[in-house]
Every structure is written in structure tokens, then in C-alpha cells.
Amino acid sequence: MSAIESACTWAVGIANDNSHGYDQIHRQGPDYDCSSLVINAYEQAGVKVKEAGATYTGNMRAAFVKCGLLST
């Protein structure tokens with residue numbers, strides 16, 4: 001399974017699990033906001049986007065480029 005497939009599978013699992021909710025303050029689990037869900041999905045898939053600097057929507061693109069997930 002590719003990193004993208006793995007990240008999507010994890011994110012769908014979180015979305016389908018009612019023990020998780022949406023929260024912009026406490027957003028690193030068990031609740032997530034949109035950017036933290038994507039960041040954590042890729043972390044779960046083994047892509048170290050947090051180490052590359054991904055913490056919120058404003059710096060995600062640069063981190064994903066650094067990890068080879070997006071082109072410049």
C-alpha cells in the first residue's frame with residue numbers, strides 16, 4: 001500500500017469512528033481539525049511531515065514538498 005493509500009485509509013477510519021471529533025484547540029488526537037487530520041494521517045503512514053515542519057495549514061505545503069509528496 002502506498003503512503004497516500006495508507007494515509008487515506010487511516011483518515012477514513014478516524015472519520016468513521018465516533019470517538020473522534022473536530023476540535024481546533026485539542027487537535028492532535030483523539031480530536032482533529034482538517035490540517036491536523038491530514039498531518040497525522042501521513043505520520044501514521046510513515047511519512048515524517050511533522051519533522052519536515054508541518055504543524056498547520058500555513059506550513060503544510062512546504063513540508064509535503066520537502067517529503068516528496070508534492071512538487072514545487
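Hi everyone. Let me start with Arg-27: setting aside neighbours within four places in sequence, Arg-27 is in contact with Tyr-32, Asp-33, Ser-35, Ser-36, Asn-40, Thr-55 and Tyr-56. Please keep in mind that this is a predicted model.

So where does Arg-27 sit? You'll find Arg-27 in the loop between α1 and α2. Is Arg-27 buried or exposed? Its relative accessibility is 15%, so Arg-27 counts as buried.

Let's stay in that loop for a moment. Gly-21 is also found between α1 and α2, and Gly-21 is partly exposed, with a relative accessible area of 34%. Which residues does Gly-21 touch, not counting those up to four places away in sequence? The answer is Pro-30, Asp-31 and Tyr-32. Take Asp-31: Gly-21 and Asp-31 are ten residues apart along the chain, and their C-alpha atoms are separated by 4.6 Å.

Pro-30, one of those contacts of Gly-21, has its place in the loop between α1 and α2 too. Now look at the peptide bond leading into Pro-30 from Gly-29: this bond is cis, with omega near 5 degrees. As background, most peptide bonds are trans.

Now to the helices, beginning with α1. This helix covers residues 3–15, which is 13 residues. From its first C-alpha to its last, α1 reaches 18 Å, close to the 18 Å expected at 1.5 Å a residue. Within α1, Ala-7, Ala-11 and Ile-14 are buried. If you look down the axis of α1, its buried residues fall within an arc of 55 degrees, so they line one face of the helix. And what covers the buried residues of α1? The cover includes α2, residues 34–44.

That brings me to the core. How many residues does the largest nonpolar core have? There are twelve: Ala-7, Ala-11, Ile-39, Ala-41, Tyr-42, Val-47, Val-49, Ala-52, Ala-54, Met-60, Ala-63 and Phe-64. Three helices contribute here, with α1, α2 and α3 (57–66) each supplying at least two residues of this core. In soluble globular proteins generally, nonpolar side chains tend to be buried together.

One core member to click on is Ala-52. Leaving out residues up to four places away in sequence, Ala-52 touches Ala-63, Lys-66 and Cys-67. Of these, Ala-63 is listed in the core as well.

So, if you open the model later, try two stops: the loop with Arg-27, and then the core with Ala-52. Thanks for listening!

Terms used
Residues are numbered from 1 along each chain as its sequence is written. This is a predicted model: local features need pLDDT of at least 70, side-chain atom pairs count only at pLDDT 80 or more; totals for chains, interfaces and linings use all residues. Side-chain values use heavy atoms; hydrogens and water are left out. Helices (H or I, at least four residues) and strands (E, at least two) are DSSP runs, numbered from the N terminus. The expected span of a helix is 1.5 Å times one less than its number of residues. Buried means under 20% relative accessible area, exposed over 50%, partly exposed in between (1.4 Å probe, protein chains only). The arc is that of the directions from the helix axis to the C-beta atoms. Contact means heavy atoms within 4.5 Å. A nonpolar core is a set of buried Ala, Val, Leu, Ile, Met, Phe, Trp, Tyr and Cys residues joined through side-chain atoms within 4.5 Å.
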